[in-house]
Amino acid sequence: KDYKKCDIYSAGIVLFALLSGRYPFVEPKETKIKGTEKGAEKSINDTTAYTFYQLIDHDPEIFWDKHYHKGLKEVDGWSYELKSLFEGMCAYDPKSRLTIEHIKNSSWYKKSVYSDKELAKVMLSHY
């Protein structure tokens, strides 16, 4: 088992929580999902499985839209680079999951960071 891939997945969850203030798998107890492989509709009770179903099914826009409409407006401001990084870190298939080298070379990771004063200004503007 490749524990590094598990760590990358966990880091993706932590990244989402740190940047949004919530976990990515807070969903209703049961949800109908359309568009499965055979076009059938099914119910999924496991909240984690439901949320990541959108990422697994290669339709991450449903995932992002669901979080936006659940009151997590912060994700609406996330860049394409950040969303792609999160999706790659939390890919269902460990073989498809990003490596630490991919993360360090991502455009989002390489962006400049705020100075202490800039960060304080940004944080205070949210509260």
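Helices and strands are DSSP runs, numbered from the N terminus, with at least four residues for a helix and at least two for a strand. In this predicted model, Arg97 lies in the loop that joins helix H4 (80-89) to helix H5 (100-104). The briefing below turns from the whole chain to this residue and its surroundings.

**Overall architecture**
- The chain contains seven helices and two strands.
- Read from the N terminus, the elements follow the order α-β-β-α-α-α-α-α-α.
- Of the contacts between residues at least 6 apart in sequence, 50% link residues at least 24 apart.

**Surface and interior**
- The chain has 127 residues, and 30% of them are buried.
- About 9,100 Å² of the chain is exposed, and carbon and sulfur atoms supply 56% of that area.

**Arg97 and its surroundings**
- Arg97 is buried but forms no salt bridge.
- The nearest side chain of opposite charge belongs to Asp93, 6.8 Å away, whereas a salt bridge requires a side-chain nitrogen of Lys or Arg within 4 Å of a carboxyl oxygen of Asp or Glu.
- Leaving aside residues up to four places away in sequence, Arg97 touches Lys5, Cys6, Ile8, Tyr9, Gly88, Met89, Cys90, Ala91 and Tyr92.

**Cysteines in contact with Arg97**
- Cys6 and Cys90 are among the residues that Arg97 touches.
- Cys90 counts as buried because its relative accessibility is 2%, and the cut-off for buried is under 20%.
- Cys6 counts as partly exposed because its relative accessibility is 29%.
- The structure holds zero disulfides.

Note on methods
Residues are numbered from 1 along each chain as its sequence is written. This is a predicted model: local features need pLDDT of at least 70, side-chain atom pairs count only at pLDDT 80 or more; totals for chains, interfaces and linings use all residues. Side-chain values use heavy atoms; hydrogens and water are left out. Buried means under 20% relative accessible area, exposed over 50%, partly exposed in between (1.4 Å probe, protein chains only). Lys and Arg count as positive and Asp and Glu as negative; His and the chain ends are not counted. Contact means heavy atoms within 4.5 Å. Accessible areas come from the Shrake-Rupley method with a 1.4 Å probe; for residues, only the protein chains shown count as cover. A disulfide is a pair of cysteine sulfur atoms within 2.5 Å.
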